[in-house]
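Trainee: I would like a close look at one part of this model, namely the enclosed space inside it, together with whatever surrounds that space. Please take your time over it.

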Amino acid sequence: MSTEELVLAAIELSQCSVAFRARVGTNTGIGSEALVVDGSDAQKRRYLPDLASGRLTGCFALTEPEAGSDAAALTTVARREGDGYVLNGTKCFITNAPIAGLFTVMARTDPAVAGATGVTAFLVERETPGLSTGAPYTKMGQAGSPVSEVHFDDCFVPASQRIGDEGQGFKVAMRVLNKQRIHLAALCIGPAIRMLDEIVAHTAQRRQFGQPIAAFQLVQAMVADCQTEIHAARALVLETARKRDEGQDVTMEASICKYFASEMCGRVADRCVQMMGGYGYIADNPIERFYRDVRLFRLYEGTSQIHQLNIARRTYAAAGHDPRG
Ligand SMILES: Cc1cc2nc3c(=O)[nH]c(=O)nc-3n(C[C@H](O)[C@H](O)[C@H](O)COP(=O)(O)OP(=O)(O)OC[C@H]3O[C@@H](n4cnc5c(N)ncnc54)[C@H](O)[C@@H]3O)c2cc1C
């Protein structure tokens, strides 16, 4: 699919349960993207058909207990040994890890080099001795999307499972996340559309003071703000997707998409709870569930603050300035 086709499909698909879209979106996103962009032909032939069909579940293991926003601080080590590498370390917060058959793992092949250089990407199959996953976390939302730690304990990975060259792993990860940010922004738009649909139906039917609450202009203002922001996010994401398909560098725009669409979705969720009144706070109500489910969007794949920093840094750089002086 082109990026434009991908985001159009994601906007439709993500109008269902957020956990369901995570099941599909992780496999077609971060769970396979490193393979798509930097994998060898043999690796692609071996894994991509099964990942695309859903027979195989993928996941992307970058985050560690001491390396979250500062992902380049990762300490999982891949020590060269014979015709492969021995992995040791722990990843945390890995979506799909409890059910994944294939792990894209970032590990440090050169422990002497700190930061982004010295990191290499690997494909690790679930059955590999030394790989284990923790119990799924109990989360605020998205109960249907299992997330856990991943442990590597003297886990031998053949060199044929390396993605790209040694030391290129962080660049691989950034290429994955660059596209994924546009994808994720699209995945924030679907739930917002769905919440607005639900709330329009509710406010048209719920009566107070002898009339539907939809008749009250303060309620209409919240509906208008939701609709306006959804349209703005959709236009932004589609424009960025088309620019990427034309081969333009959309690194800053991808950050803007992720930042704006995830914050937009949070604002829509908050207004929709407000328009539901007390029922909006009662569990088993779709809006209450969406409110919890979409909270994650502002946290993963770069928090809003990390995207703000990235956008500001690139804005200054484009004008020839360094914001650090
Ligand atoms: C449910 C779930 C699923 C996830 N799935 C995956 C996955 O599949 N694969 C994966 O690799 N990771 C995954 N993650 C990890 C996610 O990407 C990280 O949680 C995220 O990057 C933030 O890192 P952290 O949690 O360590 O927070 P921290 O980095 O500790 O950040 C805490 C706070 O400090 C702020 N902060 C940090 N640095 C700065 C700074 N320089 N300037 C300003 N503010 C700053 C942050 O914005 C945030 O508000 C997942 C997380 C969750 C919760």
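Mentor: A cavity, as the word is used here, is a set of grid points where a 1.4 Å probe fits but cannot get out, and a residue lines it if one of its atoms lies within 4 Å of a point. The model is a predicted one, and what follows should be read as a description of that prediction.

By this rule there is 1 cavity of 30 Å³ or more, and the largest cavity holds about 30 Å³ of space. Its lining consists of L6, T28, G29, E33, V176, K179, Q180 and H183. When these residues are sorted by class, 2 are nonpolar, 4 polar and 2 charged. Helix 5 gives the largest share of this lining, with 4 residues, and helix 5 is therefore a useful thread to follow through the rest of the description.

The second largest pocket is the next place to look, with a volume of about 400 Å³. It has 18 lining residues, and those nearest its centre are M1, L6, T28, S32 and H183; L6, T28 and H183 are also named in the lining of the largest cavity. At least two residues of the pocket lining come from each of helix 1 (3–13), helix 2, helix 3 (33–38), helix 4 (41–53) and helix 5. The classes in this lining are 11 nonpolar, 5 polar and 2 charged.

One of the contributors to that pocket, helix 3, also contains L35. With a relative accessible area of 1%, L35 falls under the 20% cut-off and is therefore buried. L35 also takes part in a long-range pairing, in that its C-alpha lies 8.3 Å from the C-alpha of T104, although 69 residues separate the two in sequence.

Helix 5 appears again in the largest pocket, which contains about 1400 Å³ of space. There are 50 lining residues here, and T63, L299, Y300, E301 and G302 are the closest to the centre. The elements that each supply at least two lining residues are helix 2 (18–28), strand 1 (58–61), strand 3 (84–95), helix 5 (169–205), helix 7 (251–276), helix 8 (286–293) and helix 9 (304–318). The lining comprises 23 nonpolar, 17 polar and 10 charged residues.

Helix 5 and helix 7, both contributors to that pocket, also pack against each other, and this packing deserves its own account. In general, a pair of packed helices is described by the angle between the axes and the distance between them. For helix 5 and helix 7 the angle is about 20° and the axes are 8 Å apart. Since this angle is under the 35-degree limit, helix 5 counts as roughly parallel to helix 7. The residues of their contact are 20 nonpolar, 6 polar and 2 charged, and helix 5 passes helix 7 in a left-handed crossing.

Helix 7 has a further partner in helix 6 (residues 217–245), where the axes come within 9 Å and cross at roughly 160°. Because angles over 145 degrees are taken as roughly antiparallel, helix 6 and helix 7 are described in that way. In this contact the residues divide into 17 nonpolar, 2 polar and 6 charged, and the crossing of helix 6 and helix 7 is left-handed. A261 lies in helix 7 and is buried, because its relative accessible area is 0%. The C-alpha of A261 is 8.3 Å from that of V237, with their positions 24 residues apart in sequence.

Two backbone details, taken up apart from the cavity, complete the picture. Q142, in the loop between strand 6 (131–133) and strand 7 (147–158), has a positive phi of about 50° although it is not a glycine. Q142 counts as buried because its relative accessibility is 4%. D154, placed in strand 7, has a phi near 50°, again a positive value in a residue other than glycine. At 48% relative accessibility D154 is partly exposed, since the value lies between the 20% and 50% limits.

To return to the starting point, the largest cavity draws its largest share of lining from helix 5, an element that supplies at least two residues to the lining of the second largest pocket and at least two to that of the largest pocket.

Technical notes:
Residues are numbered from 1 along each chain as its sequence is written. This is a predicted model: local features need pLDDT of at least 70, side-chain atom pairs count only at pLDDT 80 or more; totals for chains, interfaces and linings use all residues. Side-chain values use heavy atoms; hydrogens and water are left out. On a 1 Å grid over the protein atoms alone, a cavity is a set of points where a 1.4 Å probe fits but cannot get out, and a pocket is an open set with protein on both sides within 12 Å along at least five of seven lines; lining residues have an atom within 4 Å of a point. Grid points are joined across faces, edges and corners, and a volume is the space filled by probe spheres set on the points. Ala, Val, Leu, Ile, Met, Phe, Trp, Tyr, Cys and Pro count as nonpolar, Asp, Glu, Lys and Arg as charged, and the others, Gly among them, as polar. Axes are lines fitted to C-alpha atoms, for helices over the stretch in contact, and angles run from 0 to 180 degrees between N-to-C directions. Angles under 35 degrees count as roughly parallel, over 145 as roughly antiparallel, 65 to 115 as roughly perpendicular and the rest as oblique. A crossing is left-handed if the near helix is turned anticlockwise from the far one by less than a right angle, and right-handed if clockwise. Buried means under 20% relative accessible area, exposed over 50%, partly exposed in between (1.4 Å probe, protein chains only).
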